[in-house]
Amino acid sequence: MVTAQESDTTAVKALEVLREALTAAGIVLPSLGADAASPSLNLITLGRVRADVALRLADVIQRGCA
């Protein structure tokens with residue numbers, strides 16, 4: 001598992017891990033991608049999603065935090 005504390009985390013690696021986790025949860029974020037405009041910041045673009053997908057994502061996060 002990749003944590004936010006790892007200093008060598010790249011946006012590409014984080015993107016791969018996030019995409020795998022979302023896929024396992026049955027969630028697709030169509031606009032998910034690495035932000036090429038600021039590579040030194042290692043930003044990930046989550047993009048826009050429909051309301052039902054946002055609710056499914058929130059449910060998965062809430063269950064994981066319980």
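Me: What makes the side chains of Arg63 and Asp59 a salt bridge?

Reply: Happy to walk through it, with the reminder that this is a predicted model. The side chains of Arg63 and Asp59 meet at 3.0 Å, N to O. The cut-off is a Lys or Arg side-chain nitrogen within 4 Å of an Asp or Glu carboxyl oxygen, so the pair qualifies.

Me: Where do Arg63 and Asp59 sit relative to each other?

Reply: Both belong to helix α2, residues 51-65, and they are 4 residues apart, which means a separation of about one helical turn. An α-helix has 3.6 residues a turn, so residues three or four places apart point the same way.

Me: How do you know whether Arg63 is buried or exposed, and what about Asp59?

Reply: Arg63 has a relative accessible area of 55%. Exposed means over 50%, so Arg63 is exposed. Asp59 comes to 36%. That value lies between the 20% and 50% limits, so Asp59 counts as partly exposed.

Me: How many salt bridges does the structure hold, and what makes Arg50 and Asp52 count as one?

Reply: There are 2 salt bridges. Arg50 and Asp52 meet through their side chains at 2.9 Å, N to O, and the limit is 4 Å, so this pair passes too. Here Arg50 is exposed at 57% relative accessible area, while Asp52 is partly exposed at 40%.

Me: Let's turn to the helices and strands. How many are there, and in which order?

Reply: The chain has 2 helices and 2 strands, and along the sequence they follow the pattern α-β-β-α.

Me: How do you know that the length of helix α1 agrees with what its residues should span?

Reply: Helix α1 covers residues 11-24, which is 14 residues, and at 1.5 Å a residue it should span 20 Å. Its end C-alpha atoms are 20 Å apart, so the two values agree.

Me: Which residues of α1 are buried, and why are they said to line one face?

Reply: The buried ones are Ala11, Leu15 and Leu22. Viewed down the axis of α1, they fall within an arc of 35°, so they line one face of the helix. The face turned away from that buried side carries Glu20 and Ala24, which are exposed.

Me: What do the buried residues of α1 pack against?

Reply: They pack against β1, β2 and α2. Leu15 gives a good example: leaving aside residues up to four places away in sequence, it touches Leu32, Gly33, Ala34 and Ile44.

Me: Which residues make up the largest nonpolar core, and why is it called a core?

Reply: It has 6 residues: Leu15, Leu22, Ile27, Leu29, Leu32 and Val53. The name requires buried nonpolar residues joined through side-chain atoms within 4.5 Å, so this set earns it. Leu15 and Leu22 also appear among the buried residues of α1.

Me: What makes the backbone of Asn42 worth a look?

Reply: Asn42 has a positive phi of about 55° although it is not a glycine. Its place is in the loop between β1 (33-34) and β2 (44-45). At 34% relative accessible area, Asn42 falls between the 20% and 50% limits, so it is partly exposed. A positive phi, near 75°, is also found at Gly26, which follows α1.

Me: How much of the chain counts as buried?

Reply: Of its 66 residues, 14% do. The accessible surface of the chain comes to about 5,100 Å², and 60% of that belongs to carbon and sulfur atoms.

Key
Residues numbered from 1 in each chain as written. Predicted model: local features only at pLDDT ≥ 70, side-chain atom pairs only at ≥ 80, totals over all residues. Heavy atoms only, no water. Buried < 20%, exposed > 50% of the residue type's maximum accessible area, 1.4 Å probe, protein only. Contact = heavy atoms within 4.5 Å. Expected span 1.5 Å × (residues − 1). Arc of directions from axis to C-beta. Areas by Shrake-Rupley, 256 points an atom, 1.4 Å probe, with all protein chains shown as cover.
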